[in-house]
Each structure stands twice: as structure tokens, then as C-alpha cells.
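Visitor: I would like to go through this model with you and ask, for each term you use, what justifies it.

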Amino acid sequence: MRYYVLDRGDDLSVELSRQFQKLASERGMQLDADNPEIVVSIGGDGTMLHAFHMFIDRISSLAFVGVHTGHLGFYADWKADELPLLVDYMSGTGKNPNKPRIVRYPLLELEIHKKTGSSAHIALNEFTLKGVDGTVVIQVDINDVTFEMFRGDGLCLSTPSGSTAYNKSLGGAMVHPSIEALQIAEIASINNRVFRTMGSPLLLPKHHHCDIFSRKEQRLMLTVDHLNIPVDDLVSVRCQVSSQQVSFARYRPFPFWNRVRESFLV
Ligand code: NAP
Ligand code: MN
């Protein structure tokens, strides 16, 4: 079993990462930064986002496991004191060998077109577009038909597993990750006699796409998960459910709605 482990950098996470590597090598697992089968993230959701983007080029050939050390850890299944149990499961040895169930979650695919060039990105949580100097003016097309002209702070397009993050703060729905969809939520739209937007969050299914066109000279901040991309010459952004998915290795069940309840209610 080839693995890689990534930590948040705080004392506890660094120490746990050391412990994990020691236990793993005792169980015959190999640390492999180039071609791991499992990537273990020790920290919080921010750490999982880092891990995801670090291995973005090979997400189809590996699975993630999260260990949380305080903070929220929505993507994490394991607590700090459970490391030996996790290593048992992962190595297939010791008291508790277990084959994981691989669960796959949908991702969001983006093409950013600027006057000066284009780039492609994939988000695990969400893509947001926000104004830097004030109100953004953007046109939103769905499946090549103009849907609305948006004025306000910005838009958030989230994946189902990202629907519990920024999207939730915007009044978006929590979406079960077995539903292959992307959600569009508004960030403080201007609505009055003159300007009108839909106001409700929208869910687009797979095979639909959404284009966002910049409709004035404006400095924008685009975000892809925890990454910020300042852009002052945006032409458009194409957003759709990605053909790729992210895999998580589950050594024991942790259903999405339990995860939601434990993260937000109990
Ligand atoms: P951060 O500011 O530490 O993250 C904000 C919070 O979102 C943290 O509590 C984080 O958990 C949690 N979180 C991340 N992904 C989540 C998910 N899928 N479901 C539920 N909660 C989640 O920054 P970060 O750790 O680098 O994470 C970046 C994310 O922060 C962005 O992708 C965005 O979703 C979120 N964010 C939220 C708001 C808002 O709600 N107003 C504003 C900006 C960004 P951990 O403590 O475990 O890291
Ligand atoms: Mn964080």
C-alpha cells in the first residue's frame, strides 16, 4: 500500500503525521509522494482542499482519507486518537484489517477566459466570482441562453460536497453528493424596480453548463476553493459538472447526513 500524508502544519497535526508514518512503516506501507494509492489529510477541510489540489493531476488514480485535529473537518472521518485503528484498516494488517469502500463525489469544472489567455480549473468545494472595487456586472447564460443580468457582490457555484461550505452561508441548499449537480447561489444581488435577478439558488444537472460574461471593465477576484485568482480582463467563465470525480476511501460508514448533523447540529 502506497500512501502520502499531508498535515495542516500546527503542532498537533505535525505530531500526528509523524505518528502515522511510524505506524505505517511498521505495517509495511510505503510513503510515496509521486504515486500514492491513498492520500491522508491531517488537519481540517482546508488541509483536504490543499491535498486535493496538490494531487489534482492524478485524482482518478487515488483516494483521500481525512483525519481532523480540531476545527470543523467536514471531509474528515477520523479523530486524532484513532490513528492506530486507521493504520490497521489501511494496511490490511493488525487487529482491524478492512477493505475500504470507495465513494465518489462530483466536482466542478471551470474554464476561465481572459483577454490575455485561458485556463482550466477543478473545484472540490466551489468557484466564486466577486467584485474588488464594487458592484459586479455579469451576464449569466444557461445552456447558451441568456438567463439574467446580475448586479451585486458576486456568485458562488458549488459542488454537492461544497454545498455545506460557503454555499450554506449564502442560503443555498445542502445537496447529497450522489446528486451530480452544480449549485449557483447569489452573493448579495441588487434587486429593485430597475435591476432583477432570480434570487433563488439554482441546481444545474450534469450535462448543463453555465457561462458567466463580464459586462463591464472591472477588477474581479475569482476563487477556486482556497485559491484566489485576481483577474482584471475577464471575458467569461464556463462552469459545468466535471467528467472527473474525487474518491474518498471509507473504512467504515459515515453517511453524508450524519456528517451534516455532526458538523452543524451536535
Ligand atoms: P477557512 O476560512 O478556514 O474555511 C472556512 C470554514 O469552512 C472552515 O470552518 C472550514 O473547515 C469550513 N469548510 C471548508 N470546506 C467545507 C465543506 N465542504 N463543508 C463544510 N465546511 C467546510 O478556509 P479554508 O479552510 O481554506 O477553506 C476554504 C473554504 O472556506 C472555501 O472553499 C469556502 O467554502 C469557505 N469559505 C466560507 C465562507 C463563508 O462561509 N462565508 C467565506 C469564504 C470561504 P475547517 O476548519 O475544517 O478547515
Ligand atoms: Mn480552514
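**Terms and their grounds**

Guide: Among the 18 residues around ligand 1, those that come nearest are Asp-45, Gly-73, Glu-126, Thr-164 and Ser-169. Please keep in mind throughout that this is a predicted model.

Visitor: What makes the approach of Thr-164 to ligand 1 a polar contact?

Guide: A polar contact needs a pair of N or O atoms within 3.5 Å. A nitrogen atom of ligand 1 is 2.6 Å from an N or O atom in the side chain of Thr-164, and the pair therefore meets that cut-off.

Visitor: Which backbone atoms of the protein can be judged by that cut-off?

Guide: Gly-73 places a polar backbone atom 2.8 Å from an oxygen atom of ligand 1, while a polar backbone atom of Ser-161 is 3.0 Å from a nitrogen atom of the ligand. Both distances are within 3.5 Å, so both pairs count as polar contacts.

Visitor: Why is the pairing of Arg-2 with Glu-37 called a salt bridge?

Guide: The term asks for a side-chain nitrogen of Lys or Arg within 4 Å of a carboxyl oxygen of Asp or Glu. In the pair of Arg-2 and Glu-37 the closest N and O atoms are 3.6 Å apart, so the name applies. Arg-2 belongs to strand 1 (residues 2-7), whereas Glu-37 sits in the loop between strand 2 (30-31) and strand 3 (38-43), and the pair therefore ties together parts that are 35 residues apart in sequence. The structure holds 14 salt bridges.

Visitor: How many salt bridges are there between domain 1 and domain 2?

Guide: The count between domain 1 (2-100 + 251-264) and domain 2 (106-244) is zero, although three residue pairs are in polar contact between these domains.

Visitor: How do you know which element gives the most to the side of domain 1 that touches domain 2?

Guide: Helix 2 (45-54) and helix 5 (256-264) each supply at least two residues of that side, and helix 2 gives the most, with five residues.

Visitor: What is the make-up of that side of domain 1 by class?

Guide: The side of domain 1 that touches domain 2 has 11 nonpolar, two polar and no charged residues. A salt bridge requires Lys or Arg together with Asp or Glu, so a side with no charged residues fits the count of zero between the domains.

Visitor: What area is buried between the two domains?

Guide: About 1,300 Å² is buried between domain 1 and domain 2, and carbon and sulfur atoms give 76% of that area.

Definitions and conventions: Residues are numbered from 1 along each chain as its sequence is written. Chains are lettered from A and ligands numbered from 1 in the order in which they are written. This is a predicted model: local features need pLDDT of at least 70, side-chain atom pairs count only at pLDDT 80 or more; totals for chains, interfaces and linings use all residues. Side-chain values use heavy atoms; hydrogens and water are left out. Domain bounds come from an automatic or database domain assignment. Buried area is the accessible area (1.4 Å probe) that two parts lose on being put together, summed over both. A polar contact is a pair of N or O atoms within 3.5 Å; within protein, one must be able to donate a hydrogen and the other to accept it, and residues adjacent in sequence count only if both atoms are side-chain atoms. Helices (H or I, at least four residues) and strands (E, at least two) are DSSP runs, numbered from the N terminus. Ala, Val, Leu, Ile, Met, Phe, Trp, Tyr, Cys and Pro count as nonpolar, Asp, Glu, Lys and Arg as charged, and the others, Gly among them, as polar. A residue is near a molecule or strand if one of its heavy atoms lies within 4 Å of it.
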